[in-house]
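Morning, everyone. Please pull up the sequence and the model, and keep both in view while I talk.

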Amino acid sequence: MTPVNVRLREWREADAPAVLRAFQAPDLRRQAPWPVVTLKDASGWIASWDGVGHAFAVVEGERVVGNVAVTRLDSHGNGWVSYWVVPEARGRGVAVAATELLARWAFDERGLYRLELGHRTNNPASCRVATKAGFLPEGIERGKLGYEGVRYDVERHARLATD
(Lines give C-alpha, C1' and ligand atoms only; values in the text may rest on other atoms or scores of the structure.)
Protein backbone atom coordinates (compact mmCIF):
# COMPACT_ATOMS: atom_id res chain seq x y z
CA MET A 1 0.00 0.00 0.00
CA THR A 2 1.26 3.47 -0.89
CA PRO A 3 1.90 5.65 2.17
CA VAL A 4 -0.86 8.17 2.76
CA ASN A 5 -0.05 11.85 3.16
CA VAL A 6 -2.92 13.53 4.98
CA ARG A 7 -3.05 16.47 7.32
CA LEU A 8 -5.59 17.75 9.80
CA ARG A 9 -6.91 21.28 9.85
CA GLU A 10 -9.81 23.19 11.36
CA TRP A 11 -13.09 23.02 9.49
CA ARG A 12 -13.92 26.16 7.49
CA GLU A 13 -17.21 27.56 6.28
CA ALA A 14 -15.85 27.13 2.74
CA ASP A 15 -15.81 23.35 3.34
CA ALA A 16 -19.61 23.16 3.31
CA PRO A 17 -19.77 21.78 -0.28
CA ALA A 18 -17.34 18.99 0.68
CA VAL A 19 -19.42 18.15 3.77
CA LEU A 20 -22.61 18.11 1.70
CA ARG A 21 -21.00 15.74 -0.84
CA ALA A 22 -19.68 13.48 1.93
CA PHE A 23 -23.08 13.05 3.56
CA GLN A 24 -24.62 11.90 0.29
CA ALA A 25 -22.93 8.52 0.87
CA PRO A 26 -25.58 6.20 2.36
CA ASP A 27 -23.30 4.90 5.11
CA LEU A 28 -22.29 8.43 6.20
CA ARG A 29 -25.82 9.75 6.61
CA ARG A 30 -25.95 8.37 10.18
CA GLN A 31 -22.76 10.23 11.07
CA ALA A 32 -24.65 13.53 11.35
CA PRO A 33 -27.21 14.35 14.04
CA TRP A 34 -29.62 15.61 11.35
CA PRO A 35 -29.97 15.07 7.60
CA VAL A 36 -27.35 17.06 5.68
CA VAL A 37 -29.12 17.70 2.39
CA THR A 38 -28.42 21.40 1.71
CA LEU A 39 -25.41 23.70 1.93
CA LYS A 40 -27.09 25.35 4.94
CA ASP A 41 -27.26 21.93 6.67
CA ALA A 42 -23.57 21.35 5.88
CA SER A 43 -22.64 24.79 7.26
CA GLY A 44 -24.65 23.97 10.37
CA TRP A 45 -22.78 20.68 10.75
CA ILE A 46 -19.45 22.53 10.65
CA ALA A 47 -20.68 25.15 13.15
CA SER A 48 -22.09 22.48 15.47
CA TRP A 49 -18.58 21.39 16.52
CA ASP A 50 -17.90 24.72 18.21
CA GLY A 51 -17.66 24.11 21.95
CA VAL A 52 -18.31 20.33 21.92
CA GLY A 53 -14.83 19.05 21.20
CA HIS A 54 -12.24 19.23 18.49
CA ALA A 55 -13.12 18.20 14.95
CA PHE A 56 -10.65 18.37 12.11
CA ALA A 57 -11.05 18.17 8.37
CA VAL A 58 -8.87 15.40 6.97
CA VAL A 59 -7.17 16.86 3.92
CA GLU A 60 -5.28 15.07 1.18
CA GLY A 61 -3.55 17.63 -1.03
CA GLU A 62 -6.16 20.40 -0.95
CA ARG A 63 -9.15 18.06 -0.94
CA VAL A 64 -11.24 17.34 2.17
CA VAL A 65 -11.58 13.55 2.39
CA GLY A 66 -12.85 13.01 5.92
CA ASN A 67 -13.32 14.05 9.52
CA VAL A 68 -11.70 13.04 12.80
CA ALA A 69 -12.82 14.34 16.15
CA VAL A 70 -12.37 13.97 19.86
CA THR A 71 -15.34 14.85 22.06
CA ARG A 72 -16.70 14.06 25.52
CA LEU A 73 -13.53 15.36 27.15
CA ASP A 74 -13.76 14.80 30.88
CA SER A 75 -11.91 15.69 34.07
CA HIS A 76 -10.12 12.32 34.03
CA GLY A 77 -8.24 13.04 30.81
CA ASN A 78 -10.51 10.90 28.62
CA GLY A 79 -11.96 11.64 25.20
CA TRP A 80 -14.18 9.95 22.62
CA VAL A 81 -12.82 9.57 19.07
CA SER A 82 -14.87 9.44 15.89
CA TYR A 83 -13.90 9.37 12.22
CA TRP A 84 -15.28 9.07 8.72
CA VAL A 85 -13.79 9.10 5.25
CA VAL A 86 -15.52 9.71 1.93
CA PRO A 87 -16.02 6.52 -0.11
CA GLU A 88 -13.55 7.46 -2.86
CA ALA A 89 -10.71 7.85 -0.32
CA ARG A 90 -11.27 4.55 1.50
CA GLY A 91 -9.03 1.50 1.44
CA ARG A 92 -5.76 3.45 1.31
CA GLY A 93 -5.11 4.07 5.01
CA VAL A 94 -6.54 7.61 5.15
CA ALA A 95 -8.67 6.92 8.24
CA VAL A 96 -5.80 5.18 10.03
CA ALA A 97 -3.35 8.02 9.30
CA ALA A 98 -5.87 10.67 10.36
CA THR A 99 -6.80 8.82 13.55
CA GLU A 100 -3.13 8.44 14.47
CA LEU A 101 -2.59 12.18 13.91
CA LEU A 102 -5.62 12.98 16.05
CA ALA A 103 -4.42 10.70 18.85
CA ARG A 104 -0.98 12.32 18.86
CA TRP A 105 -2.60 15.77 18.97
CA ALA A 106 -4.97 14.74 21.79
CA PHE A 107 -2.15 13.30 23.90
CA ASP A 108 0.51 15.93 23.16
CA GLU A 109 -1.52 19.13 22.77
CA ARG A 110 -4.58 18.47 24.93
CA GLY A 111 -2.84 16.35 27.55
CA LEU A 112 -5.43 13.58 27.39
CA TYR A 113 -4.54 10.18 28.80
CA ARG A 114 -7.20 7.84 27.38
CA LEU A 115 -9.00 7.87 24.04
CA GLU A 116 -11.98 5.63 23.41
CA LEU A 117 -13.99 4.78 20.33
CA GLY A 118 -16.66 2.32 19.35
CA HIS A 119 -17.91 0.71 16.15
CA ARG A 120 -20.81 -1.55 15.29
CA THR A 121 -19.65 -5.15 15.28
CA ASN A 122 -20.95 -5.46 11.72
CA ASN A 123 -18.44 -2.82 10.57
CA PRO A 124 -15.12 -4.67 10.15
CA ALA A 125 -13.55 -1.76 8.23
CA SER A 126 -13.94 0.54 11.23
CA CYS A 127 -12.49 -2.17 13.46
CA ARG A 128 -9.42 -2.38 11.21
CA VAL A 129 -8.98 1.41 11.40
CA ALA A 130 -9.19 1.32 15.20
CA THR A 131 -6.69 -1.50 15.66
CA LYS A 132 -4.23 -0.20 13.04
CA ALA A 133 -4.34 3.21 14.77
CA GLY A 134 -3.32 1.56 18.06
CA PHE A 135 -6.72 1.29 19.77
CA LEU A 136 -6.98 -2.02 21.60
CA PRO A 137 -10.34 -3.82 21.80
CA GLU A 138 -11.87 -3.79 25.27
CA GLY A 139 -15.19 -5.53 24.88
CA ILE A 140 -18.64 -5.68 23.37
CA GLU A 141 -21.48 -3.42 24.45
CA ARG A 142 -24.57 -5.46 23.60
CA GLY A 143 -27.47 -3.75 21.88
CA LYS A 144 -25.94 -0.28 22.38
CA LEU A 145 -27.16 1.37 19.18
CA GLY A 146 -30.58 1.33 17.57
CA TYR A 147 -31.31 2.39 14.00
CA GLU A 148 -34.73 2.04 12.39
CA GLY A 149 -35.86 -0.53 14.97
CA VAL A 150 -32.70 -2.68 14.75
CA ARG A 151 -30.29 -2.97 17.71
CA TYR A 152 -26.53 -3.24 17.11
CA ASP A 153 -23.72 -4.43 19.34
CA VAL A 154 -20.73 -2.09 19.61
CA GLU A 155 -17.11 -3.04 20.16
CA ARG A 156 -15.24 -0.54 22.32
CA HIS A 157 -11.55 0.20 21.76
CA ALA A 158 -9.15 2.44 23.70
CA ARG A 159 -5.66 3.86 23.35
CA LEU A 160 -3.66 5.27 26.23
CA ALA A 161 -1.02 7.97 26.10
CA THR A 162 1.40 5.34 27.40
CA ASP A 163 0.65 2.77 24.65
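I will go through the sheet, the hairpins, the core, one buried aspartate and the pocket.

One caution before the details: this is a predicted model.

Start with the sheet. It is open and built from seven strands. The order is S1-S2-S3-S4-S5-S7-S6, with mixed pairing. Which strands stand at the edges? They are S1, residues 7–10, and S6. Each has a single partner strand, so one side of each is left without a neighbour in the sheet. On average, neighbouring strands are turned by 30° against each other, ignoring direction.

Now the pairings, starting with S3 and S4. These two pair in the antiparallel sense, over six bridges. For a register point, take valine 70, which stands opposite valine 81 in S4.

Next, S4 to S5. Here the strands run parallel, and three bridges join them. Glycine 79 has leucine 115 in S5 as its bridge partner. Hold on to leucine 115. It also stands opposite arginine 159 in S7. S5 and S7 run antiparallel, joined by seven bridges. Then S6 and S7, antiparallel again, with eight bridges between them. Glycine 146 is paired there with arginine 151 of S7.

As background, strands in a sheet pair through backbone hydrogen bonds, in parallel or antiparallel fashion.

How buried or exposed is S4? Seven of its eight residues are buried, so the strand is largely enclosed by the rest of the structure.

On to the hairpins. S3 and S4 form one with six residues between the strands. Arginine 72 sits in that loop, between S3 at 63–71 and S4 at 78–85. Its phi is near 50°, positive in a residue that is not glycine. Arginine 72 counts as exposed, because its relative accessibility is 57% and the cut-off for exposed is over 50%.

The other hairpin is S6 with S7, with two residues between them. Glutamate 148 lies in that loop, after S6 at 136–147 and before S7 at 150–160. Its phi is also positive, about 50°, although glutamate 148 is not a glycine. At 79% relative accessibility, glutamate 148 is exposed.

Now the core. How many residues does the largest nonpolar core have? It has 48. Trp11, Trp45 and Leu115 have the most contacts inside it. So leucine 115 comes back: a bridge partner of glycine 79, and one of the best-connected residues of this core.

Several elements give two or more residues to the core, among them helix H1 at 16–22, helix H2 at 39–47 and helix H4 at 124–132. Strands on that list include S2 at 53–60 and S5 at 114–120. The most comes from H3, with nine residues. H3 lies across S1, S2, S3, S4, S5 and S7, and runs at about 40° to S3.

Look at tryptophan 45 in detail. Beyond residues up to four places away in sequence, it touches a long list. Among them are Trp11, Val19, Phe23, Pro33, Trp34 and Trp84. Polar residues appear too, including Gln31 and Asn67.

Next, aspartate 15. It is found in the loop between S1 and H1. Buried or exposed? Buried: its relative accessible area is 7%, and the cut-off is under 20%. Leaving aside neighbours within four places in sequence, aspartate 15 contacts Arg9, Glu10, Ile46, Ala57 and Val64. Alanine 42 is 27 residues away in sequence, yet the two C-alpha atoms are 8.4 Å apart.

Last, the pocket. The largest one holds about 1,400 Å³ of space. It is lined by 45 residues. Which of them are closest to its centre? Gln31, Tyr83, Trp84, Asn123 and Ser126. The elements that give two or more residues to the lining are S3, S4, H3, S5, H4 and S6. S4 gives the largest share, six residues.

Two of those central residues should sound familiar. Gln31 and Trp84 are also in contact with tryptophan 45.

To recap S4: it pairs antiparallel with S3, runs parallel to S5, is largely enclosed, and supplies the largest share of the pocket lining. Thanks. Over to you.

Definitions and conventions
Residues are numbered from 1 along each chain as its sequence is written. This is a predicted model: local features need pLDDT of at least 70, side-chain atom pairs count only at pLDDT 80 or more; totals for chains, interfaces and linings use all residues. Side-chain values use heavy atoms; hydrogens and water are left out. Helices (H or I, at least four residues) and strands (E, at least two) are DSSP runs, numbered from the N terminus. Buried means under 20% relative accessible area, exposed over 50%, partly exposed in between (1.4 Å probe, protein chains only). A nonpolar core is a set of buried Ala, Val, Leu, Ile, Met, Phe, Trp, Tyr and Cys residues joined through side-chain atoms within 4.5 Å. Contact means heavy atoms within 4.5 Å. Two strands pair if DSSP finds at least two bridges between them. Axes are lines fitted to C-alpha atoms, for helices over the stretch in contact, and angles run from 0 to 180 degrees between N-to-C directions. On a 1 Å grid over the protein atoms alone, a cavity is a set of points where a 1.4 Å probe fits but cannot get out, and a pocket is an open set with protein on both sides within 12 Å along at least five of seven lines; lining residues have an atom within 4 Å of a point. Grid points are joined across faces, edges and corners, and a volume is the space filled by probe spheres set on the points.
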